[in-house]
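This briefing summarises the overall dimensions, the nonpolar cores and one set of paired strands of a single chain. The sequence and structure are shown first, and the points follow by topic.

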Amino acid sequence: MKITRLFVFLFFLLSVSKSTAQEFKLGKVSIAELEQKKHPKDSSAAAAILYKKGSSRFIYDKDDGFVIFTEVENRIKIYKKEGYDWANYIVPYHIVGGVEESVTFSDAVTYNLVDGKIEKTKLKTEGVFKENRNKYNGHKKITMPNVKEGSVIEYKYMIKSRLIGSMRDWDFQEEIPVNYSEYITYIPEYFVYNVRQKGYIFPKTKSEFIQGSFTVYEKERDAVTGKPSYSTFKKEYQEAKTTYTAENFPALKDEAYVNNVTNYMSSLQFELAMTKYPNEPIKPYSTDWNSVVKTIYEYDDFGPELNKTGYYEDDLKSLLAAAKSPEEKIILILNFVKANVHWNGISGYSCDNGVRKAYKEKTGNIADINLMLTSMLRYAGFNANPVLVSTRSNGIAFFANRTAFNYVIAAVETDSGNVLLDASYKYSTPNILPLRALNWQGRLIRKDGTSEAVDLMPEKLSNDNIFVNYTIDPTGKIDGKVRRQGTEYNAMAFRNKFESAKEDAYLEKLENENGKIEISDYSRTNERELLLPAIETFSFTGSNLCDLIGDKIYVNPMLFFANTNNPFKQEVREYPVDFSYPFMDKYNITIKIPDGFTVESLPQPGAFSMEENVGNFKYNIAVNENMLQLSVSHQINEAIVSTDQYDMLKEYYKSMIAKETEKIVLKRI
């Protein structure tokens with residue numbers, strides 16, 4: 001986003017009429033709040049956060065030391081049925097050493113206006129659910145009762161955590177408007193946190209120092225009798241109090257081709273930088289990527305798992321005996337792991353059951369599978385290392401911290417660059433990762449503790465080559481054949497799309513989406529040969545693909561393959577455009593003119609491109625006796641297009657669509 005645009009946007013937010021003084025307190029829901037039919041600043045909103053208040057305090061416990069207590073209050077207005085999901089709320093928690101963070105809900109009530117009076121419905125125990133998702137994480141969920149259009153819901157929850165290394169994030173924006181959000185942190189002088197703000201709009205901040213204290217318990221024994229006795233004394237310290245407030249923050253609107261919209265959400269992130277306990281040396285924590293990955297590599301369920309080889313050595317020797325090249329070895333090992341150990345759907349860079357058990361039981365989490373893959377590649381003589389990744393759903397790893405990553409893949413370092421591998425997905429191949437892992441950059445960790453950023457975004461074009469031959473009869477009926485060939489990520493997408501639907505359902509959808517055509521002679525090639533293009537062919541008949549007006553036939557030569565809607569309609573783009581991978585769509589179309597007709601007019605050939613080689617478009621059509629030959633190509637060379645290039649991209653798509661929707665006019669001789 002350009003600075004000037006950001007300034008104007010911030011100025012607008014600060015200039016919005018100030019809200020009248022209001023007491024934010026649970027149980028103080030007003031009739032006015034219940035009567036409100038739509039949000040005053042966003043009439044499209046299905047719900048809104050009326051207020052959200054939170055605080056995090058460090059309380060000293062004589063057994064556990066400092067413990068973080070985070071308390072949150074939330075009040076939400078439901079305007080439409082589409083907002084009912086906001087009546088369900090999930091609080092994730094961590095499990096460390098078998099001990100989980102404590103999450104407790106209270107004061108959860110749904111308010112409705114019935115005959116002019118406020119009706120309260122309290123949350124019952126059957127509306128509270130708890131689930132340990134794996135040995136590291138779980139969540140607690142509430143489902144509010146009696147929710148209707150017009151309801152106001154509110155609740156409070158408390159999180160008790162011994163994990164002082166990473167305080168909870170705080171989001172000031174949501175997918176619905178936020179009228180007021182406040183977060184206060186009370187951090188003792190013994191802890192120093194890096195506080196990072198992300199997003200395009202920021203809260204107001206106020207900082208001050210206040211006096212804090214805690215009670216210290218000391219155990220002593222009588223020198224003569226040996227009997228224990230206890231004494232206490234109060235320890236005073238300074239506490240940094242920081243208050244963050246946000247008013248009238250707009251809903252975080254999703255846009256076409258956005259990676260993960262929460263990457264651009266206004267929020268705070270906290271990472272412990274150092275501790276400064278009395279009479280102890282300062283202890284620094286992870287402050288840069290090298291120290292972060294060194295810490296992770298030394299975890300028992302990460303680095304040591306790479307050194308275990310005995311469980312697979314015999315199988316691997318037999319597998320690789322006939323391999324003739326390094327490339328063949330890599331593919332054999334990748335396919336071997338894919339075939340023998342299946343992903344259980346759990347992410348994470350730490351092994352769950354461990355590689356040996358995962359191999360035996362043929363199932364494991366991402367770390368079990370891809371650390372096993374890395375180990376096998378090393379055993380086979382490759383310079384292979386794990387690469388930490390943050391998946392698209394987890395968000396971009398903007399800042400150096402141990403919780404930034406939630407996934408791991410393998411990389412083989414070669415003279416021509418890294419070969420990236422993921423054995424958790426059946427359709428992955430070397431350098432073709434599942435889309436969930438294509439998220440800007442990962443972090444490669446070597447045995448010696450060094451690390452480097454690894455670009456996860458593909459550079460090679462994924463092609464969609466489409467060959468069409470069709471004839472038009474004098475009544476406007478069209479009969480034709482299609483051959484579609486996808487490579488790289490387009491091939492992966494095709495295989496995945498077909499797998500998720502039965503053939504009859506797939507063909508029915510294909511017919512309905514393409515002008516109500518009728519499809520016959522459908523076939524697919526290379527469904528399982530992953531290193532080859534994915535190909536589908538079919539014949540089609542369509543009676544609604546032309547317009548007959550008098551003695552003329554009007555037809556779009558690209559038929560149902562033409563782009564007709566511009567996905568980039570906003571005047572201002574807030575987030576980068578993420579195409580996932582660079583691509584080229586290429587069409588070769590041959591058209592037979594019906595007997596008794598000739599060409600009256602054709603679209604003019606055209607070609608245009610964007611600056612900095614972001615993309616280009618070519619359109620050429622020619623007549624050869626009673627045949628028309630059309631060639632079209634649309635190429636995007638950058639997986640991610642910045643907001644500064646948005647206007648250019650928008651105009652490019654506008655021009656492309658205008659050209660692709662031009663028609664041929666045939667007239668009767």
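About 33,200 Å² of the chain is exposed, and 49% of that area is supplied by carbon and sulfur atoms. The model is a predicted one. Its chain has 669 residues, of which 49% are buried, and its secondary structure comprises eleven helices and 37 strands.

**Overall dimensions, contacts and charge**

- Taken along the principal axes, the C-alpha atoms fill a box of roughly 120 × 75 × 50 Å.
- Among contacts in the chain with a separation of 6 or more, 72% are between residues 24 or more positions apart.
- The chain carries 85 positive and 89 negative charges, and the mean positions of these two sets are 4 Å apart.

**Nonpolar cores**

- The largest nonpolar core contains 118 residues, and the members that touch the most others are Leu-377, Tyr-470 and Phe-540.
- Helix α8 (residues 366–379) contributes eight residues, the largest share of this core.
- Another core, of 44 residues, lies apart from the largest one; Ile-95, Val-147, Tyr-244 and Phe-249 are among its residues.
- In soluble globular proteins, nonpolar side chains tend to be buried together.

**Surroundings of Tyr-470**

- With neighbours within four places in sequence left aside, the contacts of Tyr-470 include Phe-540, which is itself among the core members touching the most others.
- Tyr-470 is also in contact with Ile-478, Asp-479 and Gly-480, and with Val-555, Asn-556, Pro-557 and Leu-559.
- A further group of its contacts is formed by Ile-589, Thr-590, Ile-591 and Lys-592.

**Strand β22 and its partners**

- Strand β22 (residues 441–445) runs antiparallel to strand β23 (residues 451–455), and five bridges join the two.
- Within this pairing, Leu-444 has Glu-452 of β23 as its bridge partner, while Ile-445 is partnered by Ser-451 of β23.
- The two strands, β22 and β23, make a hairpin with five residues between them. In the turn, Gly-449 has a positive phi of about 95°.
- Strand β19 (residues 384–389) also pairs with β22, in the antiparallel sense and over two bridges.
- Val-387 has Leu-444 of β22 as its bridge partner; Leu-444 is thus bridged to Val-387 as well as to Glu-452 in β23.
- Because four of the five residues of β22 are buried, this strand is largely enclosed by the rest of the structure.

Methods
Residues numbered from 1 in each chain as written. Predicted model: local features only at pLDDT ≥ 70, side-chain atom pairs only at ≥ 80, totals over all residues. Heavy atoms only, no water. Core = buried A, V, L, I, M, F, W, Y, C linked by side-chain atoms within 4.5 Å. Buried < 20%, exposed > 50% of the residue type's maximum accessible area, 1.4 Å probe, protein only. Contact = heavy atoms within 4.5 Å. Areas by Shrake-Rupley, 256 points an atom, 1.4 Å probe, with all protein chains shown as cover. Lys, Arg positive; Asp, Glu negative; His and termini not counted. Charge placed at Lys NZ, Arg CZ, Asp CG, Glu CD. Pairing = 2+ DSSP bridges.
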